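Here is a friendly walk through one protein model, with its rings, its pocket and a handful of residues in turn. Please have the structure open as you read.

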Amino acid sequence: MNYFKKLVGDRIYLSPKGVSDEEIEKFTEWMNDFEVTDYIGRTAQMISLSGEKEFLEKNANPESTFVIVDLKDDVMVGT
């Protein structure tokens, strides 16, 4: 995945969030992980790929929404 380095730190950088298939799959994985959703009130919900894609497309705003990317490996590690 190609990310754009907008704000670079020692170990991570911020990149505008997109709606690529890779990102949709990773966000769906995270939203269906109990350890990720335990304290955000979404534990009981199961999220489908199509549901997450719809949510991300509806809420996409590259001017104010970023993903956190590992500088060494260029792997998205958060949002």
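The report below goes through aromatic contacts, the largest pocket, some buried residues and some partly exposed ones.

## About the model

Please keep in mind that this is a predicted model. Residue numbers start from 1 along the chain, following the sequence as it is written.

## The aromatic pair

A pair of aromatic rings is described by the distance of the centres and the angle of the planes. How many aromatic pairs does the structure hold? There is 1. The partners are F27 and W30, with 5.5 Å from centre to centre and 85° between the planes. That geometry is edge-to-face, because an angle over 60 degrees falls in that class.

F27 and W30 both belong to helix α1, which covers residues 21–31. They are 3 residues apart there, so about one helical turn separates them. Are the two partners buried or exposed? Both F27 and W30 are buried.

## Lysines over rings

F27 has a further neighbour to look at: K17 lies over the face of its ring, 5.1 Å from the ring centre. Another lysine, K5, places its charged end over the ring of Y13, at 5.3 Å from the centre of that ring.

## The largest pocket

Rolling a probe the size of a water molecule over the atoms shows where empty space is left. In this model, the largest pocket holds about 150 Å³ of space. Helices α1 and α3 are the elements that give two or more residues to its lining.

Which residues line the largest pocket? They are K17, F27, W30, M31, V36, I40, R42, E52, F55, L56 and T79. Both members of the aromatic pair, F27 and W30, are therefore on the list, as is K17, the lysine over the face of F27. By type, the lining divides into 7 nonpolar residues, 1 polar and 3 charged.

## Three buried residues

E52, one of the lining residues of the largest pocket, sits in helix α3, residues 49–58. Its relative accessible area is 5%, so E52 counts as buried. Beyond residues up to four places away in sequence, E52 touches I24, F27, T28, M31 and I47. M76 is 24 residues from E52 in sequence, and their C-alpha atoms are 17 Å apart in space.

S15 is in strand β2, residues 12–16, and is buried with a relative accessible area of 1%. Setting aside neighbours within four places in sequence, S15 is in contact with Y3, F4, K6, T65, F66, V67 and V69. T37, in helix α2 (residues 34–37), counts as buried too, at 2% relative accessibility. With neighbours within four places again left out, T37 is in contact with W30, M31, R42 and T43. Among these contacts, W30, M31 and R42 also line the largest pocket.

## Two partly exposed residues

Where is D74 placed? D74 is in the loop between β3 (66–70) and β4 (76–78). The phi angle of D74 is near 50°, a positive value in a residue other than glycine. With a relative accessible area of 36%, D74 is partly exposed.

E57 shares that description: it is partly exposed, with a relative accessible area of 45%. E57 is in helix α3, the helix that also holds E52. Between E57 and K72 there are 28 Å in space, C-alpha to C-alpha, and the two are 15 residues apart in sequence.

Technical notes. This is a predicted model: local features need pLDDT of at least 70, side-chain atom pairs count only at pLDDT 80 or more; totals for chains, interfaces and linings use all residues. Side-chain values use heavy atoms; hydrogens and water are left out. Rings of Phe, Tyr and Trp (its six-membered ring) pair if their centres lie within 6.5 Å; planes under 30 degrees apart count as stacked, over 60 as edge-to-face and the rest as tilted. Helices (H or I, at least four residues) and strands (E, at least two) are DSSP runs, numbered from the N terminus. Buried means under 20% relative accessible area, exposed over 50%, partly exposed in between (1.4 Å probe, protein chains only). A charge sits over a ring if NZ of Lys or CZ of Arg is within 6 Å of the ring centre and within 35 degrees of the ring normal. Contact means heavy atoms within 4.5 Å. On a 1 Å grid over the protein atoms alone, a cavity is a set of points where a 1.4 Å probe fits but cannot get out, and a pocket is an open set with protein on both sides within 12 Å along at least five of seven lines; lining residues have an atom within 4 Å of a point. Grid points are joined across faces, edges and corners, and a volume is the space filled by probe spheres set on the points. Ala, Val, Leu, Ile, Met, Phe, Trp, Tyr, Cys and Pro count as nonpolar, Asp, Glu, Lys and Arg as charged, and the others, Gly among them, as polar.
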